[in-house]
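Biologist: I am new to this structure and should be grateful for a close look at a single part of it. Please begin with one residue and its surroundings, and then proceed to other parts that help to build a picture.

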Amino acid sequence: MSAVNIEIDERSGFCFGVVTAIRKAETELAAKGSLYCLGDIVHNSNEVERLESIGLKTITHDELRRLHGVKVLLRAHGEPPSTYEIAGKNGIEIIDATCPVVLALQKRIKETYNSSDAQIVIYGQTGHAEVNGLVGQTDGTAIVVEGEADLDKIDFSRPIALYSQTTKSVEGFNAIAAEIGRRIKPGVGLSTYDTICRQVAGRVEHLRKFAAAHKVIIFVAGAKSSNGKILYNHCREVNACTHLVADCSELDAAWLEGAASIGICGATSTPRRLMEQVRDTVAKLLQ
């Protein structure tokens, strides 16, 4: 069993937006010992617990309204304008860690909303933090669609501007755009904007190759990770022996039997140290 090759995918793990948010949190925690964060700083409970152990306090939007004169970190997912308004009224100092890609998308949607009569449609996960921030740029009027079943929400006799949550799949976006194009009334304007983060989308092809190169794949991601579900499914499409775990405790030795090569990879919200812990546990199980 010692000859088994165990490899961690070098391109898996935190995207730059998450890295920036965590660094900002760690810097403030090192200086002050405590910091509020609006929502989970990353969709990985293991990493959230690590930061909470050194003073990070995760709060809800309701709790934000009751705070005054404190510092609050806004995570990479971004926030709607109402959050900034509440902070201003309550004398809250914002540490803004909104991902630049998300911030640029918010601005584009706001500009479209202010300058056009088109319906703004967002291909994304309903209730996702990033999507809530995007919808907030339109005073809550944007239509969120997760799949073709949601397209009945759209008035196909009116102009449409289609955007995407940054972590959705390119294939999914293209399919939605094509279906809207088929349903829209003749002569009605349709503008589609592929606003998917290429650092995320670029991982798909790489991960599919990585998954195909190993007998068994252990995909590490938190239960709340939208990106994790997408990337895991891509791995499973090319390698049926792909298993999703949140951490080492979910590993099953039976998965590893007879495998000469084991690949470990994860989502943009998966910390590198967690993948390393999974690698070390896999090695022990193989002994």
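Modeller: The residue chosen as a starting point is Ser12, which lies in the loop that runs between strand 1 (5-8) and helix 1 (16-32). The model is a predicted one. Ser12 has a relative accessibility of 9% and therefore counts as buried, since the cut-off for that class is under 20%.

The side chain of Ser12 takes part in polar contacts. One of them is with the side chain of Asp9, at 2.6 Å. A polar atom of the Ser12 side chain also lies 3.1 Å from the backbone nitrogen of Gly266. Gly266 appears again among the residues that Ser12 touches once those up to four places away in sequence are set aside: Arg203, Leu207, Cys265, Gly266 and Met275. The C-alpha atom of Ser12 is separated by 6.3 Å from that of Ala267, although the two positions lie 255 residues apart along the chain.

A second serine may be described in a similar way. Ser169 is found in the loop between strand 8 (160-164) and helix 7 (170-183). With a relative accessibility of 16%, Ser169 is also under the 20% limit and so counts as buried. A polar atom of its side chain lies 2.9 Å from the backbone nitrogen of Gly172. Beyond its neighbours within four places in sequence, Ser169 is in contact with Tyr123, Ile196 and Ile230.

Tyr123 leads on to the aromatic rings. A pair of such rings is described by the distance of the centres and the angle of the planes. The count of aromatic pairs comes to three. In one of them, the ring centres of Tyr123 and Phe173 are 6.5 Å apart and the planes stand at 50°, so this pair is tilted. The pair links distant parts of the chain, with Tyr123 in strand 6 (residues 119-123) and Phe173 in helix 7, 50 residues apart. Tyr123 and Phe173 are both buried.

In another pair, the rings of Tyr163 and Tyr193 have centres 4.6 Å apart and planes at 15°, so the pair is stacked. Here too distant parts of the chain are linked: Tyr163 belongs to strand 8, whereas Tyr193 is in the loop between strand 9 (190-192) and helix 8 (198-212), 30 residues apart. Tyr163 is buried, with a relative accessible area of 1%, while Tyr193, at 26%, counts as partly exposed.

Charged side chains also meet aromatic rings. The charged end of Lys168 sits over the ring of Tyr123, 5.1 Å from its centre. Elsewhere, Lys57 lies over the face of Tyr36, at 5.8 Å from the ring centre.

The last part to consider is a sheet. Strands of a sheet pair through backbone hydrogen bonds, either parallel or antiparallel. In this model, an open sheet of four strands has the order 3-2-4-5, and its pairing is parallel. Strand 3 (56-59) and strand 5 (93-96) are the edge strands, each of which pairs on one side only. On average, neighbouring strands of the sheet are turned by 35° against each other, direction ignored. Within the sheet, strand 2 (residues 35-38) and strand 4 (residues 71-74) pair in the parallel sense over three bridges. Leu38 has Leu74, in strand 4, as its bridge partner.

Technical notes
Residues numbered from 1 in each chain as written. Predicted model: local features only at pLDDT ≥ 70, side-chain atom pairs only at ≥ 80, totals over all residues. Heavy atoms only, no water. Helix = DSSP H or I, 4+ residues; strand = E, 2+ residues; numbered from the N terminus. Buried < 20%, exposed > 50% of the residue type's maximum accessible area, 1.4 Å probe, protein only. Polar contact = N/O pair within 3.5 Å; in protein donor to acceptor, adjacent residues only side chain to side chain. Contact = heavy atoms within 4.5 Å. Phe/Tyr/Trp six-rings, centres within 6.5 Å; stacked < 30°, edge-to-face > 60°. Lys NZ or Arg CZ within 6 Å of the ring centre and 35° of its normal. Pairing = 2+ DSSP bridges. Axes fitted to C-alpha atoms, helices over the stretch in contact; angles between N-to-C directions.
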